[in-house]
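Me: I would like a close look at a single part of this model. Please treat the pairing of its strands in one connected account.

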There are 2 protein chains.
Amino acid sequence: MPTTADKPGAKYIGKSIDKVDALERVTGKATFGADIHLPGMLHGKVLRSPHPHAWIKRIDARKALALDGVKAVVTAADFPPIDTAAGTIGGELLVDIVDLRKMTLAHDKALYDGHSIAAVAATTPEIAERALELIEVEYEVLPPVEDSLDAMKPNAPLLHEALYTKTLGEKPSKPSNVAAYIESSRGDVERGFAEADLVHETTYSTVMVHQGYIEPTTATAWVQADGKVTVWSSTQGIFGIRRSVSSLLDIPLHRVNVIPMEVGGAFGGKIYAILEPLAVLLSRKAGRPVKIVMSRAEVFRATGPGSPMHAVIKTGTKKNGALTACYAKIIMDAGAFPGAPVGGAAAVSFGPYKVDNLKIEGYDVVTNKPRVQAYRAPGGTPIAFAIETHMDEVAEKLGIDPLKFRVTNAPDEGDKATNDQPYNRIGMKEILRRISRHSSWTTPLEPGPHRGRGLACGYWQGATLTSSATLMVNSDGTMTLNSGQVDLTGTRTTTRQIVAEEMQVPIEDVDVRVGDTDSSPYTDLSAGSRTAYSFGAAVNAACKHALSQLKGHAAAQFKVDSKEVQYANGKFWVRENPEQNVNLRTLAANSLRRASGPVCGYGTVTRLQAAHQFAAHVADVEVDPDTGKVTVLRYTAFQDVGKAINPVQVEGQMQGGVSQGAGWALTEYYHYDKGTLRNPTFLDYRMPTALDLPMIDCEIIEVPASDGPYGVRGVGEVPIVPPGGALANAIYRATGARLYNLPMTPEAIFSAMQKGQKRKKG
Amino acid sequence: MPTTADKPGAKYIGKSIDKVDALERVTGKATFGADIHLPGMLHGKVLRSPHPHAWIKRIDARKALALDGVKAVVTAADFPPIDTAAGTIGGELLVDIVDLRKMTLAHDKALYDGHSIAAVAATTPEIAERALELIEVEYEVLPPVEDSLDAMKPNAPLLHEALYTKTLGEKPSKPSNVAAYIESSRGDVERGFAEADLVHETTYSTVMVHQGYIEPTTATAWVQADGKVTVWSSTQGIFGIRRSVSSLLDIPLHRVNVIPMEVGGAFGGKIYAILEPLAVLLSRKAGRPVKIVMSRAEVFRATGPGSPMHAVIKTGTKKNGALTACYAKIIMDAGAFPGAPVGGAAAVSFGPYKVDNLKIEGYDVVTNKPRVQAYRAPGGTPIAFAIETHMDEVAEKLGIDPLKFRVTNAPDEGDKATNDQPYNRIGMKEILRRISRHSSWTTPLEPGPHRGRGLACGYWQGATLTSSATLMVNSDGTMTLNSGQVDLTGTRTTTRQIVAEEMQVPIEDVDVRVGDTDSSPYTDLSAGSRTAYSFGAAVNAACKHALSQLKGHAAAQFKVDSKEVQYANGKFWVRENPEQNVNLRTLAANSLRRASGPVCGYGTVTRLQAAHQFAAHVADVEVDPDTGKVTVLRYTAFQDVGKAINPVQVEGQMQGGVSQGAGWALTEYYHYDKGTLRNPTFLDYRMPTALDLPMIDCEIIEVPASDGPYGVRGVGEVPIVPPGGALANAIYRATGARLYNLPMTPEAIFSAMQKGQKRKKG
């Protein structure tokens, strides 16, 4: 696709325009989910299981219902029968519908600490809380299983009596906590290992972490007298929420309207419907609007966190560093229902390495913890921590500089991704070339004990899916772009740049808004680093469509064929006769008065080819030998973004990703104690703050993607992939201690350093 | 246009489907303008002039601003300068922008009792009320002029120092209260009168009346930190409100989003922005959302009522009843700013009569009363009262049966309307033919004194303008039609029928929603009996567009040309090979997964040719000779609706129009006393209730319109046109007293009867 950005004189693409929602957000005036107030609105609260694993023998809500001000109580019995064949229903729903029902309200079994058992709607939140205490639940407590390796043992407590491991072969004879086994391979790994000069195998683990969004999960619903459902949702995908409500509650799609609220952070954690179906159920029973807002503790206990991992990595290399075989066994913990991001981890794993002999085995395992959701490049951070520290060890063992090792094995266009598809144009080599010349790599660390520098690569394939938009040209020549594409990352801002560029109008003349499901053409969720890429392409198409309508109007006015009409900078003219011209504003005004009609462009794209995203990070750390505490001295993120539509926003994404990755690497973990979460607050769950990290330096590299508008690639996810490896490798250089588990807390580092000391002494 | 309705087997067109919003409305759960609540919302109140005519010398709001809880006070000084050349800005705004500014807040002069002087936003309505009392206004009181005839006198007080009568000729030398003079003629009226056997001239007057909607006028606005304006409006046209706010406050269209609320009655009275710009001004100053809700007294004093009229009617007729010349002088009272519906009255006047020699003179006159708005067939009811009683007198003088007289003069296709355009297919003759055979006309009145039967005709041209809609086909095969066309009269219901018919799907699979200006393609207001006709055509076009996309998807699947794809009842197949088929639901689901993309049909129509609407009513009344009170015994409305998409809804429109027409004819009037309105409540302003009228019988006649979908004509307005004449003629038959002025109150009738007695005696 020829791109505007390639032409000289792009006015808005590539410029760091201010975020359109910045002022609203920093002044607290943006309308988030909890800001909704409706006439007669009730407040919903959820009763949660205190047991990580228990049969629910009986629920008696009569006392709660009798409480003054209580308008409805719902339990699993309130769900209609479900079409079990519906599965995940195409692209709209990314979770099994039967599981989603049980995640919404536990049916026969409570499967984790905090699992929702019943919900209440009352006139005040206080009454609703009191009503929860009046609901009697009889549990038969079962032993929980907390870790995926334990869950895979033959005699482990079973979460689901009818869960059989999905494999390519026959159905297993016995139910299991292993929901799925995937395997992918090419070449002959055994031969590859046999041909290697060095075969190296290591084992890793990471724990459950939270996306750490600021805005608690919330939902409001209103089922009107005619049955029409309106949902106000803080979500990454309004059409997915619509589908969830529709399928769970047996309401056709056109009877559900989902209105997007401003989202106060999501990072993958606001994809599945968690509260929306509950709010709808309560509203339908009560006949009034119902709002549910989770407390922070509820968010930790009962929304979908990031998945923990166990992994075994094995590689074979020649003396010169060339990989001869790669193997990964990836065991991911899905929490209480299947769906860990094993596929994501597998895709990321050896993405930055070309190798002919490859085998990946993946396990999707259920445990008594909340069902995971996506978390920024889902699966990518844990597996890259494993692969990148492994590769660092291999390079060291071979006596090869870690950067040179990666250059030796870096893939290029035509090399195969882990899914066996050949890469189109990619920037991995260019990234490594840039690092080799960059001061973050070439300048030695300032002298000091316990200091070290680490390097790690990262990869993310990026989702594409479907995006659509309409562009209305108003009668004063201003333009409104409407779509159901939720803005998490500045989408409205970059989209505005695209419209202004394509329509060749001042950017002030363009407004972008996120509409609801009733008024917007179908669009998949905002996730997978797909919005700038796929939605950008849809916006581009909508602009071209609107422009063609305007050209048609001009052609009608001049009585020429549309092909004769030229356009630039707000002016249409006839090719052969430039004196026949009309400006866009006049055409727009006339469109209401003449038969031409209002201009409404429609653009939609489905399943472009992937725009692969690569990154590499360089981290300098200092470790306090007395405490194990890590201070990050300098951090530089290199990333191929294809084309930065808005460089400052791209930097924001890169910095945010690094910061979350650093939290995952160093401090964050769900502390489970016999199945009970002990740290469900931001005081005890330690995310890095601005005080914990230096300014993250960003090196934006632009190797245009093969498809999509302007060569843009998604940028949001890959920055969270390398930090675990970069920091672990830096800590190793600083301390001599290799860490194989995340998080690398001060205790863990101190302990690893002690072991190293003992080994040296011993 | 070949119409589905013409085909045998139409499933939904012509069926009395329940109104989709009926349940919401009768249960009070529909969300009207006053039901809005927003976080931090303030309450606005308006200070109103106690003087009908006064200079505003000084406004001092300091004490009000100092009151605790008051967040903003605005006066005319807060308006930005205005582009005076903007005028009415095409089709979007039906009032002069400079006038609209002065209507929103009086600038230098208060021009009627209740004219808005200043507005306050405060944390509670009570504080806002108290603040109003603290605003000091210094007035220089001027003599008011109440009646248009007085206003036209040479020495009448002038409302506007710079208002010069608009005529076709030169600009007058002196300002005047006559805003405009219009004249239209054909043939030679003087020769026509000379050729007549009977020349008859009569004089009429009607007074100011209110549309009588239940829901008081209201508006809510929120100007966000980034300047984006959101307006929640109970209006007939969201795009007109958007334009008003944009033009008055100098905000580009794309920075204003207008969200339609359910409308609790409008009838023409909710077209112009009355409170919206005020709410925006207040919100912009206060930085918080502001809601303003009028009291009933405010609605009466300061919204746009129906226009009063003075008229002189003169006709020439041959002995056989054939009209040789018609003349009307129509003086309409616009209230304080120009814009009385003189054009509407002129169009209606002799619409039901064919005549070669015609002259109509019209005057648009300003007086010290609130600026009128449209009221159902604006101008039609008063002028038809005049014409139809005049024609009744002429027929009587000629000794011709009133029905026969009208048959003699009834126009047909090709005859000219009052605007000189030839009628396309029309149903006037068919209506009269049907009356001639109908029991309401053929059955004699049951015997009794003071009983009489009256007949009157009515005409309405109907607006067309621009309408647009999008149709989204959801992945489960259900469909959502979105547009900015406000539903006043059941538009969602009939539109749903059109979509189900055109898409050949069950009506349950279709939902119709009214979107906001940001998400909906441009659509003009819901008024002028144009929605079923023009919007219906746009919906029809959107369906055809969606269907063509679906056919394209089917063609791609079967690898054939789109033209080969056939469709019926939810199934697509290939013409030559019916075994190649796919149902709509499957195609819809696949549209999200394949490159075909989501289906989004767009339809727009602009300025169809008019679908002329005719009606005739027959009324039987009994008059109490001791009080003059009229009892309506029987009332039958005959109307050519072209095609009744939903007969029960059409009947509802007819009955509602008759009921409002009867109120206008018999009981309703603004009681002004030296410029002050004395009856601004529903207790003192008497509208007919169900107890005051019999069941209105409806005779639906279907002569298909020449254009638009299914031959449909607008139906909402023409039923209010004949009642004044029908009831006046019946009262005459019952009492021998001719009434020339509306309303025909008991006092007026009693007095006319007394005069008649005296005349007989004398």
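In the hairpin of E24(B) and E25(B), which residue takes a positive phi, and how many residues lie between the strands?

Reply: The model is a predicted one, and the account below should be read in that light. In the hairpin formed by E24(B) and E25(B), 6 residues lie between the strands, and B:Gly628 is the residue with a positive phi, near 85°.

The two strands that flank this turn are E24, residues 613-623 of chain B, and E25, residues 630-640 of chain B. Their pairing is antiparallel and extends over 9 bridges. Within it, B:Asp620 has B:Arg634 of E25(B) standing opposite.

E24(B) also pairs with strand E16, which covers residues 451-460 of chain B. Here 10 bridges join the two strands, again in an antiparallel arrangement. One of the pairs is B:Tyr459 with B:Phe614, the latter being the bridge partner in E24(B). As for exposure, E24(B) is mostly covered, with 10 of its 11 residues buried.

A further case in chain B is an open sheet of 3 strands, ordered E4-E2-E6 with antiparallel pairing. Strands E4 (109-110) and E6 (136-141) stand at the edges and have a single partner strand each, so one side of each lacks a neighbour in the sheet. Strand E2 (residues 54-60) pairs with E6(B) over 6 bridges in the antiparallel sense. In that pairing, B:Ile59 has B:Val137 of E6(B) as its bridge partner.

How values were computed: Residues numbered from 1 in each chain as written. Chains lettered and ligands numbered in written order. Predicted model: local features only at pLDDT ≥ 70, side-chain atom pairs only at ≥ 80, totals over all residues. Heavy atoms only, no water. Buried < 20%, exposed > 50% of the residue type's maximum accessible area, 1.4 Å probe, protein only. Helix = DSSP H or I, 4+ residues; strand = E, 2+ residues; numbered from the N terminus. Pairing = 2+ DSSP bridges.
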